[in-house]
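Open the model in your viewer and keep the selection panel at hand. We will go from stop to stop, and at each one there is something to pick out and look at.

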Amino acid sequence: MARLAGKIAIITGAAGGMGEAATLLFAREGAKVAAVDLDEARLAPVVEQIKAAGGTAIAIGADVSKTTDVERIVARTCAELGLPTVMFNNAGVDSEGKRCILDIDEAAFDKVVEINLKGVWLMIKHVAPKMIEAGGGSIVNTASIGAFVAASSAGYCASKAGVVGLTKAAAVELGRYNIRVNTLCPGATETPMARNQRAEMIAKGLPISNEIMDRLGVLGRMALPEEMAKMALFLASDDSSYATGADFINDAGWMAMCGVTVQPWSGGNHNRILKEYSDDDRHTFPRQGAPRRHQAEDRHPHSQFQRGTALGRPL
Ligand SMILES: NC(=O)c1ccc[n+]([C@@H]2O[C@H](COP(=O)([O-])OP(=O)(O)OC[C@H]3O[C@@H](n4cnc5c(N)ncnc54)[C@H](O)[C@@H]3O)[C@@H](O)[C@H]2O)c1
């Protein structure tokens, strides 16, 4: 029995990466899918693939951070597919260009928060009444491990931490209507977003490489988008019928490895990553212009401990 048989799903950010993988998987599992993306042209091949395999899907070009677009997404889904019972809020962006809190401008910060956080709130606000009409549903919001640790830019981490908080509030409010709300928190996943970030860092001369990205987890490789789609499927389906208001971390131990930064004896990957990042003043104290205290300490056996804290020193 297909795990989403009879379900009608809206998936945002469906034109690439995790959203595309989830759209194809959800359709294979029997859902009728409304595939939403800002980039409408890239949705066409995804929807065609589903139709060719005998599934049902529609493409909706829309911006999740705009109320009128969100209203249109919900209206078209109801009119062409029926009442939605699954919502995968997956669309997201990272801050382009300047990422540091001292450099990022207001417009770039606003954009990340508008799409990643406000977009999720808008979708929930407009989809929930239809799910209530349908008798219930499952909402899956893509956050990130950046919601819990400083794994990306300040704006991105703030927006994803907001998604975690929003999810808990929505789960509590909507539980009485038989609507479950959870987050999927991916670690490093090989998608266009990750590839663009890597290219941007390389262009800036930062010591990043495929090999370093592969070490952001104990399995020694980045995730495939399909591995995130499978967890989204679990959360969207009745297989997770008792789960709500919870965060589902899928990161191959990246967050668990945060402790490894202060444990040289574990032979942890993070020690090597930190070592390479220590050449970038933005990631380690002291800031640009000040003496590079840690360079001398690199020869000291305790230097790894000292860089294992944000202040670059132990108590
Ligand atoms: N790739 C990673 O390592 C990683 C890690 C943690 C969390 N995430 C999160 O996972 C989600 C999917 O990321 P991905 O890596 O597949 O990214 P991606 O860039 O490959 O795909 C995101 C999609 O969202 C679309 N999109 C962007 N802004 C939109 C808007 N305003 N309205 C509608 N669609 C919009 C883009 O066009 C794109 O097709 C995002 O929320 C991202 O923040 C990614």
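Colour the whole chain by burial to begin: of the 315 residues in the protein, 42% are buried. Here a residue counts as buried if 20 or more other C-beta atoms lie within 10 Å of its own, exposed if 12 or fewer, and partly exposed in between, with C-beta atoms placed from the backbone. This is a predicted model, in which local features need pLDDT of at least 70 and side-chain atom pairs count only at pLDDT 80 or more, while totals for chains, interfaces and linings use all residues. Residues are numbered from 1 along each chain as its sequence is written.

Switch to cartoon view, and you have 11 helices and seven strands. Helices (H or I, at least four residues) and strands (E, at least two) are DSSP runs, numbered from the N terminus. Among contacts in the protein with a separation of 6 or more, 69% are between residues 24 or more positions apart; two residues are in contact if their C-beta atoms, placed from the backbone, lie within 7 Å.

**The core**

Next, select Ala9, Ile11, Phe26, Val33, Ala35, Ala232 and Ala236, the residues with the most contacts inside the largest nonpolar core, which has 77 residues. Such a core is a set of buried Ala, Val, Leu, Ile, Met, Phe, Trp, Tyr and Cys residues joined through C-beta atoms within 7 Å. Helix α4 (residues 106-134) supplies the largest share of this core, 10 residues.

Zoom in on Ile11. Leaving out residues up to four places away in sequence, Ile11 touches Gly19, Ala22, Thr23, Phe26, Val33, Ala35, Val36, Phe88 and Asn90.

**Along helix α4**

Which residues does Met123 contact beyond its neighbours within four places in sequence? Pick Met123 in helix α4 and you will find Thr12, Val64, Val70, Met87 and Asn89. Met123 is buried because 25 other C-beta atoms lie within 10 Å. Draw a distance from its C-alpha atom to that of Phe88: the two are 35 residues apart along the chain and separated by 9.5 Å.

Stay in α4 and select Pro129. Pro129 counts as exposed, since it has 12 C-beta neighbours inside 10 Å. Its C-alpha lies 9.9 Å from that of Leu174, 45 residues away in sequence.

**Helix α5**

Leu174 takes you to α5, where the buried residues also include Gly155, Tyr156, Cys157 and Val163. They pack against α4, β5 (137-142) and β6 (179-186). Check the length of α5 (residues 154-174): at 1.5 Å a residue its 21 residues should span 30 Å, and its end C-alpha atoms are 30 Å apart, which agrees. The expected span is 1.5 Å times one less than the number of residues.

In the loop between α5 and β6, select Asn178. Its phi is near 65°, a positive value in a residue other than glycine. With 14 C-beta neighbours inside 10 Å, Asn178 counts as partly exposed.

For another positive phi, go to Ala252, where the angle is about 50°. Ala252 sits in the loop between β7 (247-250) and α9 (269-277). Is Ala252 buried or exposed? Ala252 is buried, as there are 21 other C-beta atoms within 10 Å.

**Down the axis of α3**

Show Val70, Ile73, Val74 and Thr77, which are buried in α3. Look down the helix axis: these buried residues fall within an arc of 85°, so they line one face of the helix. The arc is that of the directions from the helix axis to the C-beta atoms. Among the elements covering them are β1 (8-12), β2 (32-37), β3 (57-61) and α4. Turn the helix round, and the face away from the buried side carries the exposed residues Thr68 and Ala79.

**Around the ligand**

Finish by selecting the ligand and the 28 residues that surround it, of which Gly13, Gly17, Gly92, Thr191 and Met193 are the closest. A residue belongs here if its C-beta atom, placed from the backbone, lies within 6 Å of the molecule. The elements giving two or more residues to this shell are α1 (17-28), α4 and α6 (192-203). Colour the shell by type and you get 12 nonpolar, 13 polar and three charged residues. Ala, Val, Leu, Ile, Met, Phe, Trp, Tyr, Cys and Pro count as nonpolar, Asp, Glu, Lys and Arg as charged, and the others, Gly among them, as polar.
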